[in-house]
Structure formats: structure tokens, C-alpha cells
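User: I'm new to reading protein structures, and I'd like a close look at how helices pack against each other. Could you walk me through one such part slowly?

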Amino acid sequence: MKQFDYVRPATVTEAVAAAAQPGAVFLAAGTNLLDLMKGGVSRPDRLVDVTHLDGLDGIETLADGSLRIGALVRNADLAHDAEFARSYPAVAEALLSGASAQLRNAATVGGNLLQRTRCAYFYDTASRCNKRAPGSGCDARDGENRSHAVLGWSESCIATHPSDFCVPLVALDAIVEIEGRGGRREIALVELHRLPGDAPDRESVLEPGDLIVAVRLPPAARGFAAHARYLKVRERTSYAFAVVSAAAALRIENGRIAEARLALGGVAAKPWRARAAEDVLKGVAPIADAFQKAARRALEGAKPSGDNAFKIELARRIVVRALTLAAAGTPARIPALPASPFASTSGALHV
Amino acid sequence: MSELILTSAPAHLRHGSNIGQPLTRRDGILKVTGQATYAADNHPPGMLFAVIATASIARGRVVSLDVAAAKRHPGVVDVMTPEHKPPLAIDPEIKTNPFVFRMEVLQSNDIRYANQAIAVVIAETLEAATEGAALLAPAYEVQPALVGFDAGESFAPPVVGVGNPTESHRGDVEAGLAAADKQIDATYETPPQYHNAMEPHAIVARWEGDKLFLDTPSQAMVMARGRVAELFGLAPEKIHIRSPFLGGGFGSKGFLTGPQILGVMAAKLVGKPVKLVLRREQMYGPVGHRAPTRQRLRLGTDGEGRLTALDHRARTVSSTFDDFYEPAADASHTLYAAPAIRTSHDAVRVNTGTPLFMRAPGEATGSIALESAIDEMASACGMDPLAFRLKNYAEVEPMTGRPFSSKALRACYEQGAARFGWAKRPLQPRQMRDDAGLLVGWGMGTATFPALMFQAEARAAIRRDGSGVMEIGAHDMGQGAWTALAQIAADSVGLDIDRLDFKSGTSDLPDAGIAGGSAHTATAGAAIHSAGAAVIAKLADLATSDERSPLFGAGNAGVIAREGRLIRRDDESRSESYAEILARAGVAEIEARGTGAPNPAAMEQYAMHAHGAVFAEVKVDPELGQVRLTRMVGAFAAGRIVNPRMVQSQLFGGMIWGLSFALHEEAITDRRSGRIMNANLGEYHIPVNADVPPLDVITVEEHDPHVNALGIKGVGEIGITGSAGAVANAVWHATGVRVRRFPIRIEELLVPS
Ligand SMILES: Cc1cc2nc3c(=O)[nH]c(=O)nc-3n(C[C@H](O)[C@H](O)[C@H](O)COP(=O)(O)OP(=O)(O)OC[C@H]3O[C@@H](n4cnc5c(N)ncnc54)[C@H](O)[C@@H]3O)c2cc1C
Ligand code: SF4
């Protein structure tokens, strides 16, 4: 392996300082980063291991009703927190639809947000990739690209952000708390990831040294608990990234949609919040027609970046289905096959 | 490796004979406690680590390597390159026999496929060797890669598979099609697939003077030893291979691969033991794979749904430097009674590692196309797919007219269909939904695989204490050879399995042939059976010719061996234990050898195949196109079942491979670079537990007096045939969409809603 320094800071401030050096990266559970290092895709000079920092692994309800999730909370622990799953069922369902039980037991909240794309050309160091080697070109553009982006892509990069967790989070207006060299600040999660433009290597708005310390769900996010679902179409029943996914959350009052939240996964370089579609749904009855209309609106401006035109139609259908499922009501228990079109299959064992 | 302690307690039941008992794996405890020594678990003192550097281009040559940078890296001991390597005794390009395949062992700087070895870094640690390999920073002269079915001029290969004719026919196919009442003409595509055994190819090589000790997984140790012997100019007896356990092989460990030979060369170069283990992504190239196919099937039927003609043409690919051709079309030789059948193959050469044998080579690829086409034809005739198959049931082998040595396929159809509830299947597609509104479809396929026999030897002995020994260099790939062969061995010498010392898994033992072609239990079993019979015959000679024995005068045919005693057949009150016989004769041990081999006369006379019928239920989301298998029943007739538990596992495994073939598995090749873009188990999809519903396997009684002395047909590969087609046909039945390119993708099922 390439030689690198390994530091284990004792405090958040030390961590930020250590990671602000050129060539330094944070190491959380390493389920993504270490794979990238083994493949020579990432070749950091310094790993700043944050897993021993105190106070970043709590789940707490704040006075104003917000929920604050520490950046080191494990994906599985969060999903299996009963109070969390009751209040934010679509988020729990998304978490449980991701990766495998072993990976979820290890992966952290912060790492999940900042996991890198699964574009095969990004991983293949012999390929040209503007994200890995700025200016080298994009071999995905004319390559095997049926799983690439249909929204927000540019000629320099057509990769998608693969996280499931992020999709319901952006729908619910999650906020990211960041500790940087200039102290603490916070931004909306929807602002965290950048679209590629002509600088796909700059994937987020974070600056060197910026540490995500927590993710916060604002008080209003609880209001959707009765009608919130995550739906993820994939190439096998479990342990696969989304082809396309959607999170739908509704607040239904007197038979009408008081407020809708909708986001798509697997379609763009960031979790894709579909505000225009949400607007269409405001105040209308939760019926198929409205959902169809919202779906069309959500995919407005979508265009294939390769052999992936099907993803646009698939995304529309997923939106309709996710909204339909949300309208029908959150199930009492997260289905055995979370977020799966086969979630209703009886007799399935929990994965 | 110390002596293996194989356990037979506590789950063993036994009522009389061993054969037929569902014994649990005798190596099971070793495996679940981590004590089973796989090749890479060996660490001889002073061992170094070797890591291969691989080509990132598919065609061209290496023009420079930064060997100095690699050597400067702390811990790196040496870097083996085409310019710096121990010489081989013969050019590895020379095919000294048909079972020699060419390999890349640093003989030149040419690159013939991506992931080919271009150097080997040997270091004190795995990490140092890995980084050393990364520091080599090769520069290439790149040539355009040949990729895909249309990469170049196609040609008719001289033979396909193992010596099968490229083209075969019986009757006049064109006339049959012209006279047909209904016809279909459909083209199916199957992708490249990689074996992906859990255990990567690994070798620990240690030279001691001119002796060579190898720990490496092998499905054919004696053949492997022969290859090492010729490459290094050694007498075979100087080479000792241990391969007690394989973490799967599926054909990829049938021949020694280039990387394994590189491990031996590296050990020679540095004069120390060396371990070389492939990384997962390095298994996509030098260890064989299943070639992609494009298959065109034309079928005709008369007014009553009887086939008039079956034309099956397969295009496949091979490497630019060697010849192996997936015999996909030959799947049409044995199953359906068409009066006119033609099968043919052509191929193009592409920049790939040579495709080789992968679980049911030819049968699997051919089966999914043939079973799909049969399903399409049944539907065109308005017939139930089972009724259609029964109407075209082959009473004799269609291609040759030979009778079958045994064929219980009708019973497979009946029992499988009954268990599945097939009779309730609506004829038309897209008729069934479950409570949640998911489309439900039922499909079936016929399974078939030839009952093969190779050559094997075994040595049996009875010891002074009355215990037995059976020696055979057999291969346990996980299928359960340690158990099933020991069962045969115990019966062959009339001993309780725990009184028998079953020695296996090393190359110094008698040659068990190859563990391939689903023929290992049959072939090694036959050798064991005959060795056992021979040693018992010798023991009987001793006893019956000794007037002090109660068996005196009973004659050879007059005794039977049971529970450690020879018993007079016509008077069971007269018997003598093995120990008594040997003690009196003053013999420490009595031994005999036996062989297993095909019977050419029987092969001439009979067509020998195992058969089966697979029924599958899938559910498909009507709008979203995602598919899930929900039920699968397979009924198989494969002659004698030596161990029902192991056999069931083999059939389950095969059926899951069939599911994988239909819905999941595919190596995605970049059409420009020829590199495989999903060479890892995250993205090369195979079914996970959630994809596999409870499976139901029925083994149908079948007695075959012709295949071999024990009547064994083999079960290793048949499970994948039939199953893939059954799943694909179920998808059609659920959706009304006929997908002819595998695996079936979500986008194909996104019909306008
Ligand atoms: C085979 C496989 C299948 C998978 N399938 C799915 C799936 O279906 N759905 C899905 O959503 N995900 C999937 N994943 C991805 C998985 O969710 C991520 O690997 C995981 O969430 C990353 O978390 P980690 O703690 O291991 O992060 P690490 O690998 O340690 O870090 C990831 C990145 O985040 C940065 N980072 C980590 N923590 C912080 C922080 N607090 N502040 C700033 N930067 C930080 C690191 O520097 C690094 O760049 C899969 C992964 C694998 C290997
Ligand atoms: S799509 Fe983006 S990540 Fe993929 S190769 Fe192109 S630039 Fe790299």
C-alpha cells in the first residue's frame, strides 16, 4: 500500500486542523474510502480517523422538536432506533434498503452523506475521469452508462450520487452541521452536494478541514410520519444500489395534501429534491391523476446521458408509486424487504 | 497440513449400507471452525508474498515498467518480468495435449487481454508487494481492442467444446421448416460470465532442491502435476500437490492457470517459498470464463404441435490466441424429438482471456435459448409448455437414434408439475396477479446433462486391525467428495465408515481424474468400488483357501463382506473378521487397486444423460419491471443418489445459478477498451439470499445398469440447465414480454402502462 500518515485526533478542533492539511481526508468506517484506497482511486497522504471523537454518536431530540443525529451514528443503529423509525419512517426504510447488514453496521451517517459515486470509470484508474483526474475527460459519456444520470449532469460528468439515506433526508429539509476552520456553521443538505458543471471533482461545498458533526431534522419533518415511504428499484432484491429511487412524504389534512415532499435518488450527482412536483400536489386530493402530474413535473428537464432513457420513464413511475404508497399510509412496521417493490410479499424474512 | 480429522458424528444415521444415506459433511466441523486448510492458509517458514501487476489495456504491448521504483519500495525483494524470470523447460504456447491451454507467464511483452499478468512483485509482506506492483506504472503501446460478437471476421472453429463437431445434422432441416405449419425464428444473447468461486486462485509454492511442493486448489491434481512437470522439466514424482479443500471451482480450477505457474516461477526466482493469491478483480481474465453467445433458433411444427425441424446456430467468441468454443447449440441434440435437427457454431476472436469450461459449458447457454424457443413455439401452437414438451418427448436420442441407457424424464415432469401445481397454469400470459397486484408468471424448462465417465484409480487396503484404507487423489470442491466417496469406499470394503481411513486430496495418491463434467463421483466412485471389491476378493482368497478358516472352501463367490467380516453367502452363521483372517495369515496389510473408466461398448450402444424438469414462479412489478423469483421446483433423475443431502445441495446450487443466469449475472465489458467494468462482487450481480426463495428439489428414482457399475450419473451441473429457461419463461408468462437478451433487465419490462 502507499504509505500514509494515520492520525487519531482527540477533539473536533484537532480533527479539523489535521484534515485541513493538503492530502488529508477523514476516515469514518472506511467502507467506501478504504475500497477507493485499495483500488488506487484515492491516494491520501493522511487519514484523520474521526471514529474515536467523543460526542458525535448520539441521537437527541432538541428543545424545539428537531432531531439531531451525530455524524458517527452507525447506519444500522439509526435505522433500528424505534423512536427514530416511528418519527421518520422513510429515512429508516431508506437506510435499511442500502448495502448489506454488515455494511450498515459499520457505515456512519457522515460517511454515507459523503460516499463517492459508483461510476465504474471513476473506480477504474485506467479510464479517463474528470472527477478523479480533473481535465482528463469522461469515459462514461460514450461508455457503459445505463445507470448514469438523467438530471443535472454536464458534458464533463454524468455520474450519480448513490446514497439512499440522503434521498428522504433532502425531502425532509435536513440540515448539516459542519465544524470548519472558521468554527461551526450549518447548511441545508440539499446544498451540500454540487452538480458537476465543469468541475465534477468538487463534489460538495465543504472546504478543506470541514467535518460534518451532525445532521438535523427540523421539527416539521415529524409531520409526515403517517405518510412517508421510500421506494428503490434495483437489479436484485437486496444488496444493490438503486437504479432509481424516490422518497415521498405527505401531510394529509381533511382528505387533501396539505404539504408534499418528494426527492429522487440515482438520477443525479446529488439527491434530487423535486420541489416543482411538490407544488403541484399542494392542496389537491391524493389521487392517481395528481401523482401522474407530479411525476411529469419531477422529471421535467430530464434527458438521457447515454443508454439510460429508460431511467426517466422509470423515475416517473417510481414517483407515482412512492406517492401512492405514501398516501396509503406508513406501514406499522418497516417491511421485511425495505423499500422494495416486493415489500408486501408475505413471508419474506427481514434482510 | 497435519492429518485431517474428519468427523462423522453426530448427525449420521445409518441403516445397513452407507450409500444412499444423507450423511452430513465429514469435513463440516473443520470448515465451520476454520480448521480446514485452504491453499492460501499455508505459511511455510520464510515465505514471501507475490502480487501480480496486470495490464489495463486489452491489446498491445508493454513498453516500459518502472522496476527500479518497485524495487526501491521497502520490503520488495524482486520483480519478475519477461526480462527477468527463471526459464521454463518448454514454451507454454505449445499444446502438448488437447487439455493444455495457453497461459500468460511473462514470456513476452505482448498483451492479449485486460488483466493479463505483466509482472510479479515479490516482497516480505503482502502490502509491500501490492504497492510495488502499483509503482511499476507500465507504459503501453496500445492497439484497438477487439470486443463483441462483431469484432471481426467470423469463422467455423474446427471443433467446439471437447472435440464436438462444429456442425451436426440429422434429417433435412430446411425441408422440415418449409413443410411446417408454424415456425418461429428467434435470436437470444447470453453475456460473458465469470466463475467467481469464493476462494480465489491461490498457490503456495516451495522448492526443495529439485522437489516442488504446491498448495493450490485444483479440480485435476494429476493433470496439474503433469503441466507443472513439463513446464519446469521435472519428473512428476518430484511434484507434490495438496488440494484438500476448494472454495468452489466451477471449472475455473480444472486447469492450472497462468497466475499459479507465476507463483511457482516466483518461488524459483527468489529461492524461497512464495504465496500468490489473485485479487477478485484479477480473476476476470486469466482463469477462464463462460463465453457470451448469440444463438438463433428456428423451429417448425406440424398442425398438431409436433416438431418438424429444429435449427440451432450459435455464435460465440474465443480469445485471439487459443481455442475454446462454447458448444451452445449442442444442447439441442438430446431433448426434443424433431425429425430434422441441425446445430452449428461460428466464432469471432476478441481480446479476452480464453473462455473455458464453466459449470455446464454449452449446456447452460444452449439450454436457456432452447428452452425459451420451445416455450415460444408452444405458445405459437397454443399449447401448454408441458404438453408441448411431452408431445415432442424423445424416446430415443434425437440426434443419433440411440436408445437411452435410462431416462426418467417423464416421471420428472409428472412429479415436478404435481408438486408445483402446474395444471392450474393459464395458457395466456399476464393473467395472474397476487394480492398486492404484482404480476405472477409460471415457466418451466427441461434439464439435461450428459452422464460422463473419465479415468480414475484407487488403492484399497485392509489392515491387520480390521480397519480399511481407501486412497484416491480426489477433489472436494465443496460438493462433498470427502463424504460421498467415503460412503462408496466404506461399502466397497464392507466396513462402517468410521472404520475406514479415507485418504484424498493430494497428488501422490492414485489419480482420481478430473472433478469436472459432473463425473467425479461416478468415475472416482467406480475406481473405489473396484479397488474395494478387489481387496475383498484377495481377503476372501486368503480365508477360503485356509483350512483353519470357517470360510475354508467357500470360494470367492461364496462370501460377502459386511461390517468388517466375511460371511459365507449360503450360511451366514459361518463368518470371520478381517482382523482374524489377516492375523492368521501373518499379513500386516492386504491391498488392491481398482480403476474407473468409461465403458466404450455401452457408450456406443446407449445415449447416457441425466434429466430433469424445473418449474419456476416469478413475480414482476407491472410498472417498475423489477423481478423476483418466488418459487422453484426441480425434479431430477440422475441415476443412483449416493448422498441425498449432498445431491440436494448440488441441485439447489445449480438452480440458483440458473436464476442468476436468467436475471442477474453479466460481466460488463467496455466496448472500447475491452476492460470489464464490474469486476467485483458488489457490481457483478449474483443472487443474494433475498433473491432465493425456498427451493424444492425432488430426486426421481432411476436405475441405470449401463452408465457405470454404481449407476451414478452426476448432479453437479444439471441444476443450472432447465432452471435458467424456466425463470425466463416465467417472466414472459407474467408479463407477456419475451426478453431474448440475458440477463433480463428492468428496462425490457417497462412496457407502456
Ligand atoms: C458493496 C457496497 C454496497 C453498498 N450499497 C449501498 C446502497 O445500496 N445504498 C447506499 O446508500 N450506500 C451503499 N453503500 C455505500 C455505503 O453506504 C457507504 O460506503 C457508507 O455509508 C460510507 O460510510 P463510512 O462511514 O464507511 O464512510 P467512509 O468510507 O469512512 O468515508 C466516506 C467519505 O466520507 C468522508 N467522511 C466520512 N465521515 C465524514 C465526516 N464526518 N465529515 C466529513 N467527511 C466525512 C470520508 O473522508 C470519505 O471521503 C454500499 C457500499 C458498498 C461497499
Ligand atoms: S461520469 Fe463522472 S465519475 Fe464517471 S467517468 Fe465521467 S467524470 Fe468520471
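Analyst: Here is a walk through one helix pair, with a second pair and a hairpin to set beside it. Keep in mind that this is a predicted model.

Let's begin in chain A, with helix H11 (residues 288–298) and helix H12 (residues 310–328). Their axes lie 8 Å apart, and the angle between them is about 135 degrees. Angles over 145 degrees would count as roughly antiparallel and 65 to 115 as roughly perpendicular, so H11(A) is oblique to H12(A). The crossing itself is right-handed.

Which residues of H11(A) meet H12(A)? They are A:Phe291, A:Gln292, A:Ala294, A:Ala295, A:Arg296 and A:Ala298. Facing them from H12(A) are A:Arg316, A:Val319, A:Val320, A:Leu323, A:Thr324 and A:Ala327. Sorted by class, this contact holds eight nonpolar, two polar and two charged residues.

Now try chain B, where helix H5 (residues 221–232) packs with helix H6 (residues 258–270) at about 45 degrees, their axes 11 Å apart. These two helices are therefore oblique to each other, and their crossing is right-handed. H5(B) brings B:Val228, B:Leu231 and B:Phe232 to the contact, while H6(B) brings B:Ile261, B:Val264, B:Met265 and B:Lys268. Six of these residues are nonpolar, none is polar and one is charged.

Finally, for a look at strands, find S23 (residues 559–562) and S24 (residues 565–568) of chain B, which pair in the antiparallel sense over four bridges. B:Ala561 has B:Leu566 as its bridge partner. The two strands form a hairpin with two residues between them, and B:Glu563 in the turn has a positive phi of about 50 degrees.

Technical notes: Residues are numbered from 1 along each chain as its sequence is written. Chains are lettered from A and ligands numbered from 1 in the order in which they are written. This is a predicted model: local features need pLDDT of at least 70, side-chain atom pairs count only at pLDDT 80 or more; totals for chains, interfaces and linings use all residues. Side-chain values use heavy atoms; hydrogens and water are left out. Axes are lines fitted to C-alpha atoms, for helices over the stretch in contact, and angles run from 0 to 180 degrees between N-to-C directions. Angles under 35 degrees count as roughly parallel, over 145 as roughly antiparallel, 65 to 115 as roughly perpendicular and the rest as oblique. A crossing is left-handed if the near helix is turned anticlockwise from the far one by less than a right angle, and right-handed if clockwise. Contact means heavy atoms within 4.5 Å. Ala, Val, Leu, Ile, Met, Phe, Trp, Tyr, Cys and Pro count as nonpolar, Asp, Glu, Lys and Arg as charged, and the others, Gly among them, as polar. Two strands pair if DSSP finds at least two bridges between them.
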